[in-house]
Structure formats: C-alpha cells, structure tokens
Amino acid sequence: MPEGDTIHFAARRIRPLVEGRIPEIEHPHPRLRGERWAEKLAGRAVTGVDAHGKHLFLRFEGDFAIHSHLRMTGSWGTYRRGERWRRGTHRAWLVLRTDAGEVVQFDGPVLELLTESRTRFDRRLAQLGPDVLAPQLDEAGFLRRLRADDPARAIGDALLDQRTIAGIGNVWKCEGCFAAQIDPWRPTGACSDDEALAIVRALRPGMAQSALDGMQDRHRRVYARAGRPCPRCGAPIRSRGQGEDNRITYWCAECQS
Ligand SMILES: [Zn+2]
C-alpha cells in the first residue's frame with residue numbers, strides 16, 4: 001500500500017504539470033460517470049497540490065478540491081503529452097492535461113470532488129493525525145493522540161492508525177521500530193514518550209528522502225527480509241501478522257526489545 005512518502009512524491013511530480021494552469025479534465029472511469037467535473041472546473045486554475053498522510057489534494061480556484069486516497073490499488077502517473085502510460089487506458093479514473101504534460105489517476109479507488117469547506121469538515125479528514133512528513137512534526141499532537149489510544153495496543157499497530165499520525169504504513173512502521181530498536185509488539189503503555197518519538201524521528205529522514213526521489217526500497221533493512229540476517233546483529237529477521245488487518249510485521253527479536 002502506498003505510504004505517505006509515495007503520496008508526497010506523487011504531489012511533487014504532479015505540481016509542475018498543473019499548478020497555476022487550467023487543465024483539460026476527463027474522468028473516463030464508469031464509477032465517475034455523470035459527475036461533470038470538467039464542467040464544474042472549467043476555466044479554473046489549479047492553485048495547489050498537497051498531501052497529508054496518504055491523502056492527496058488537487059486544489060482549484062473557486063473552493064474546489066479533488067481528494068484522492070489510493071488504498072491498496074491506486075496510483076498516480078505523470079507523463080509528457082502523448083507519452084505511453086504505464087497502466088492501461090481503461091484503468092484511468094482521471095486525466096488532467098496541460099501544455100506541460102498529463103497527470104493520470106489509475107484505479108481509484110477513492111477519488112472525489114469536494115468543496116474546500118467540505119474537506120475541512122469531512123470526518124475522515126478532520127480526524128487525521130499530524131502528517132509524519134510535515135517539515136516540523138507536531139510531536140506533542142502525536143503523543144497526545146497516541147496516549148488517547150488503547151495502551152494495550154502494540155506500538156507497531158498503533159503507528160498505523162492514521163488518527164494518531166498520518167502517513168506511516170506497514171513498511172515504515174517496521175523500519176522505524178527497527179531503527180529505534182523497539183519491539184513492534186511492545187504495548188504502547190510500556191513505551192515511554194521518548195521511545196515513541198524515537199521511532200518517528202528515526203523514520204522521518206528516510207521517508208523525506210523517499211518523498212523526494214521515490215526510491216523507498218533503498219531504506220528497507222528489515223521489511224520483507226524474513227529469515228535473512230539482521231543488518232545490525234545477524235540474528236534472523238522474523239515476521240508475523242499484526243493487528244486487526246494482520247499486516248505482516250518484520251523485526252529482529254535479538255536487538256529490538
Ligand atoms: Zn538484530
């Protein structure tokens with residue numbers, strides 16, 4: 001599943017193609033049939049492209065915003081005009097075309113046109129925790145939200161809750177716990193504030209780099225490496241499903257406690 005760094009990276013690629021420009025808009029997917037976005041957004045320039053956690057917003061003049069969440073399947077493509085797309089045209093939900101290029105949203109699945117005021121009052125969006133990739137992380141806000149959660153919940157699972165901190169997914173949860181040498185199975189009630197912050201501080205530089213270059217893989221030291229030696233102590237990396245969604249968690253039982 002795309003995590004916050006992937007979404008920030010998409011925003012970074014999309015921005016120069018549409019910001020300050022009036023795009024031609026098509027939404028060919030049947031799920032958006034009859035939505036008339038081209039009509040509603042006709043003549044309106046894109047004023048900004050921003051990400052909060054795993055959510056991406058394309059903001060338009062006149063109080064409009066397109067909101068996207070990729071969940072497990074979606075993706076954003078950016079192309080020169082006429083360049084071949086990496087996914088089939090039938091998978092395109094949204095196409096924005098300007099003189100600078102084409103921005104294509106593939107496979108949805110959350111794609112909606114909202115008013116700016118609705119984005120502020122939308123429950124799902126209003127409940128989001130601080131963005132892990134904010135230039136200045138709201139550490140106090142993160143800790144307050146973490147402490148309001150169930151103290152018996154494992155820290156690895158708690159970090160995936162987008163109401164506590166927005167943008168961390170399963171890869172960065174594993175890597176952050178590894179870097180801070182904290183067992184992802186430890187209950188949050190047994191993690192000090194310093195320990196919880198150490199995880200988030202440890203993963204932010206890698207996430208920020210990946211948000212710039214899109215190369216998340218090079219930051220993986222335990223994720224998807226079950227059975228291979230821990231890069232720190234050599235013990236085999238372990239894996240097991242965690243939380244309600246049974247997300248496969250990777251960790252070293254020797255040097256994370
Ligand atoms: Zn180890």
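In the next few minutes I will go through the zinc site of this structure, then one of its helices, and finally one loop residue. Please keep in mind throughout that what we are looking at is a predicted model.

Let me begin with the metal. The zinc ion has as its protein donors the SG atoms of Cys230, Cys233, Cys252 and Cys255, which sit 2.3 to 2.4 Å from the ion. The angles that these four donor atoms subtend around the zinc ion run from 99 to 121°, and because four donors count as tetrahedral when all angles lie between 85 and 135 degrees, the arrangement here is tetrahedral. Read along the chain, the donors follow the spacing C-x2-C-x18-C-x2-C. Cys233 belongs to the loop between α8 (193-213) and β9 (238-242), whereas Cys252 belongs to the segment after β10 (247-251), so this pair ties together parts that lie 19 residues apart in sequence. As for their surroundings, Cys233 is partly exposed, with a relative accessibility of 40%, while Cys252 is buried, its relative accessible area being 0%.

I turn now to helix α5, which spans residues 139-148 and whose buried residues are Gly141, Phe142, Leu143 and Leu146. Among the elements that cover these buried residues are α6 (155-158) and α8; α8 is also the helix that precedes the loop of Cys233.

Lastly, there is Ala42, which is found in the loop between α2 (37-40) and β2 (46-52). Ala42 counts as exposed, since its relative accessibility is 53%. Between Ala42 and Leu146, which are 104 residues apart along the chain, the C-alpha atoms are separated by 43 Å.

Key: Residues numbered from 1 in each chain as written. Predicted model: local features only at pLDDT ≥ 70, side-chain atom pairs only at ≥ 80, totals over all residues. Heavy atoms only, no water. Donors = N, O, S within 2.8 Å, 3.2 Å for Na, K, Ca; no water. Tetrahedral: all angles 85-135°; square planar, octahedral: opposite > 155°, others 65-115°. Helix = DSSP H or I, 4+ residues; strand = E, 2+ residues; numbered from the N terminus. Buried < 20%, exposed > 50% of the residue type's maximum accessible area, 1.4 Å probe, protein only. Contact = heavy atoms within 4.5 Å.
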